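Colleague: Before I rely on any of the labels attached to this model, I would like to go through them with you and hear the grounds for each.

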Amino acid sequence: SIRLFQGGKMSLTKSLSIPVRTVLLTLLLLCVAGRASAEMLSGSALVEHLRQGGYVLLMRHASSPAALPDKHSADPQNTALERQLDDRGRSSATAMGQAIKRLGIPIGAVLSSSTYRALETVHLASFGAAKTYSQLGDGGQSMQASAIAGQSDWLREKVSERPAPGSNTIIVTHMPNIVASFDGVASDLTDGEALVFQPKENGKSDLVAKIKIEDWPSFTQKQ
């Protein structure tokens with residue numbers, strides 16, 4: 001209640017107890033709703049949600065050394081002598097794909113950078129045929145700052161697009177692209193790690209999980 005002094009006397013002017021309670025309750029509900037929409041998933045709960053489809057996995061390509069191979073060390077298919085996966089990258093990508101298949105997680109659309117190391121990740125994980133986009137690549141500039149200009153909005157839009165019913169979308173790209181689009185959650189992303197987003201009806205998406213590439217096989221042991 002509010003009391004004002006008038007002519008030296010205090011008088012009751014208006015009670016705001018009901019509106020104040022309404023405002024406080026509304027704020028509380030908004031806070032709860034915000035926390036619920038950002039609830040993080042892990043372990044078996046995450047696997048069960050992915051089995052239902054409806055998620056977008058934004059993934060950094062698997063481990064790849066910065067040094068370019070020469071014609072003697074390059075894979076036979078790597079005729080342009082681009083960066084390629086190392087032994088750890090190849091084995092982790094393969095293990096990830098095997099785990100996803102064993103867990104029964106449906107993969108629908110696959111979007112990828114056209115770089116050799118990104119497509120090698122897609123191939124070894126057996127994700128299926130990938131559609132390449134220049135916005136996911138490095139522009140042939142080894143991920144200099146100029147190579148990611150204008151790509152952030154495009155990537156955020158793709159992450160917010162709902163997958164086909166009963167499937168999940170996988171996007172394979174490069175660290176600078178992911179950080180430029182999702183800096184607050186991606187600055188510590190490791191090779192092959194994925195951010196899992198749930199697209200919403202409002203054209204946005206919620207981050208619900210972060211999965212290191214080496215953690216995928218461990219999910220199969222908990223089923």
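Colleague: How many helices and how many strands does the protein have?

Modeller: This is a predicted model, and the protein in it has 8 helices and 8 strands. Buried residues make up 41% of its 223 residues, and the accessible surface comes to about 12300 Å², with 55% of that belonging to carbon and sulfur atoms.

Colleague: What is the order of the strands in the open sheet, and which of them are called edge strands?

Modeller: The open sheet has 6 strands in the order β5-β4-β6-β3-β7-β8, and its pairing is mixed. Two strands count as paired if at least two bridges are found between them, and β5 and β8 are the edge strands because each pairs on one side only.

Colleague: What makes the pairing mixed?

Modeller: Both senses of pairing occur: β3 and β6 pair in the parallel sense over 5 bridges, whereas β7 and β8 run antiparallel and are joined by 6 bridges. As examples of single bridges, L57 has I170 in β6 as its partner, and Q198 has D206 in β8. The hairpin of β7 and β8 has 5 residues between the strands, and G203 takes a positive phi near 85° there.

Colleague: Why is β8 described as largely enclosed by the rest of the structure?

Modeller: The description rests on burial, for which the cut-off is under 20% relative accessible area: 5 of the 7 residues of β8 are buried, so the strand is largely enclosed by the rest of the structure.

Colleague: What makes up the largest nonpolar core, and which residues have the most contacts inside it?

Modeller: The largest nonpolar core has 30 residues, and those with the most contacts inside it are L50, F127, V196 and W216. At least two residues each come from α2 (43-52), β3 (56-60), α3 (87-103), α4 (116-124), β6 (168-173), β7 (194-199), β8 (205-211) and α8 (216-220), and α3 gives the most, with 5 residues. A second core, separate from this one, has 17 residues and includes V56, M175, F182 and F197.

Colleague: With which residues is F127 in contact, once its neighbours within four places in sequence are left aside?

Modeller: F127 is then in contact with M59, M96, I100, I107, V110, V122, I170 and V172.

Colleague: How do you know that the buried residues of α5 line one face of the helix?

Modeller: The buried residues of α5 are S152, W154, L155, K158 and V159; seen down the helix axis they fall within an arc of 160°, so they line one face. What covers them includes β3, β4 (107-112), β6, α6 (175-181), β7 and β8.

Colleague: Why is the aromatic pair of Y133 and W154 called tilted?

Modeller: The angle between the planes of Y133 and W154 is 50°, and because tilted is the term for angles that are neither under 30 degrees nor over 60, the label follows. Their centres are 5.2 Å apart, which satisfies the limit of 6.5 Å for a pair. The pair links distant parts of the chain, with Y133 in the loop between β5 and α5 (152-159) and W154 in helix α5, 21 residues apart, and both residues are buried.

Colleague: And what makes the pair of W216 and F219 edge-to-face?

Modeller: The planes of W216 and F219 stand at 80° with the centres 5.8 Å apart, and an angle over 60 degrees counts as edge-to-face. Being 3 residues apart in helix α8, W216 and F219 are separated by about one helical turn. W216 has a relative accessible area of 0% and F219 has 8%, so each falls under the 20% cut-off and counts as buried.

Colleague: Why is S126 called exposed but L81 partly exposed?

Modeller: S126 has 62% relative accessibility, so it counts as exposed, the cut-off being over 50%. L81 has a relative accessible area of 32%, which lies between 20% and 50% and so makes it partly exposed. Phi of L81 is near 55°, a positive value in a residue other than glycine, and phi of S126 is also positive, near 55°. L81 lies in the loop between β3 and α3, and S126 in the loop between α4 and β5 (131-132).

Terms used
Residues numbered from 1 in each chain as written. Predicted model: local features only at pLDDT ≥ 70, side-chain atom pairs only at ≥ 80, totals over all residues. Heavy atoms only, no water. Core = buried A, V, L, I, M, F, W, Y, C linked by side-chain atoms within 4.5 Å. Buried < 20%, exposed > 50% of the residue type's maximum accessible area, 1.4 Å probe, protein only. Helix = DSSP H or I, 4+ residues; strand = E, 2+ residues; numbered from the N terminus. Contact = heavy atoms within 4.5 Å. Areas by Shrake-Rupley, 256 points an atom, 1.4 Å probe, with all protein chains shown as cover. Phe/Tyr/Trp six-rings, centres within 6.5 Å; stacked < 30°, edge-to-face > 60°. Arc of directions from axis to C-beta.
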